[in-house]
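Colleague: I'm new to this one, so could you take me through a single part of it up close? I'd like to hear about the empty space shut inside the protein, and what sits around it.

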Amino acid sequence: MLPLALTNTGHFTSMRVSDDGSIRGLELHMERLVRDCEAVFGAGLDTGCVRGYVRQELAGRNGPCVVRVTIYDPAIDMGRPADADQPHILVSVRGAGALPPAPLRAMSVAYERDLPEVKHVGLFGSLRARRTAQLAGYEDALFVGDDGLVSEGGTWNVGFVDQDGTIVWPQAPVLCGVTMALLQQHAEHRVATVTLEQAKNMAAAFATNTSIGVRPLRAIDQSELAVEHPVLRQLQEAYLSIPGEIL
């Protein structure tokens with residue numbers, strides 16, 4: 001694991017495991033790992049091995065948890081990163097909180113992730129933005145690009161409910177999250193550019209990822225948002241109704 005700390009090169013996916021051992025969007029997580037492994041290392045990935053290691057790590061565990069699968073090359077060298085093409089699999093597990101968590105207050109921060117379409121381990125910028133927001137009294141950061149458009153959150157996708165009750169996903173360079181993809185399959189929506197001012201004037205907003213499901217945003221900067229909007233409840237119910245897949 002030392003190369004992960006010293007080079008910060010690799011990619012991962014995190015999956016929430018339900019009480020019955022199933023995972024919502026499991027196949028999408030596997031597809032992400034394969035896609036990102038090609039993008040980061042130019043190599044293939046045996047998802048059968050991934051599933052086997054996850055099953056092994058989960059053996060004997062009870063209750064919901066979040067399992068993270070990290071793909072990295074232990075032989076990577078800072079001087080020759082192009083030679084890193086033998087990825088290994090690292091599985092770690094942590095506890096999972098209740099769904100959904102309490103609404104959060106987000107602070108807009110000017111930031112764009114490197115290679116945003118890949119869920120890579122380069123989290124310094126994202127966590128620095130989160131720290132900036134927390135030091136200012138907020139709970140997390142909402143990223144705004146140089147073009148003034150809202151993209152995503154610290155480690156989550158953001159969605160909005162406009163004044164007509166339509167779900168709006170930002171059109172911007174973002175990581176297409178598995179939870180977001182599942183919701184898009186189960187709820188009508190549109191994709192459009194969203195400025196920070198437009199975001200603050202939406203009827204509601206929410207964060208999504210595998211750990212939190214659908215989490216309402218209570219505020220963006222000083223602008224308060226509704227956390228009891230009926231569309232938010234519909235999204236939460238739709239997400240929880242999606243059956244999990246067994247490893």
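Modeller: Sure. About 50 Å³ of space lies in the largest cavity, and bear in mind that this is a predicted model. The structure holds 1 cavity of 30 Å³ or more. Rolling a probe the size of a water molecule over the atoms shows where empty space is left.

Now for the walls. On one stretch of the chain, Leu99 and Pro100 line the cavity. Ile212, Gly213 and Val214 are also part of the lining, and so are Gln236, Tyr239 and Leu240. If you want to place these by element, look at strand E12 (213–220) and helix H7 (230–241), each of which supplies at least two residues of the lining. H7 gives the most, with 3 residues.

What about the chemistry of that wall? By class, the lining has 6 nonpolar residues and 2 polar ones, with no charged residues. Gly213 and Gln236 are the polar pair, because Gly counts as polar here, as does any residue outside the nonpolar and charged sets.

While you have the model open, a word on the cysteines. The structure holds 0 disulfides. Take Cys49: its sulfur is 12 Å from the closest cysteine sulfur, the one in Cys37, so the gap is too far for a bond. Cys49 is partly exposed, with a relative accessible area of 34%, whereas Cys65 is buried, at 7%.

Note on methods
Residues numbered from 1 in each chain as written. Predicted model: local features only at pLDDT ≥ 70, side-chain atom pairs only at ≥ 80, totals over all residues. Heavy atoms only, no water. Disulfide = S-S within 2.5 Å. Buried < 20%, exposed > 50% of the residue type's maximum accessible area, 1.4 Å probe, protein only. 1 Å grid on protein atoms, 1.4 Å probe; cavity = no way out; pocket = protein on both sides within 12 Å on 5 of 7 lines; lining within 4 Å. Points joined across faces, edges and corners; volume = space filled by probe spheres on them. Helix = DSSP H or I, 4+ residues; strand = E, 2+ residues; numbered from the N terminus.
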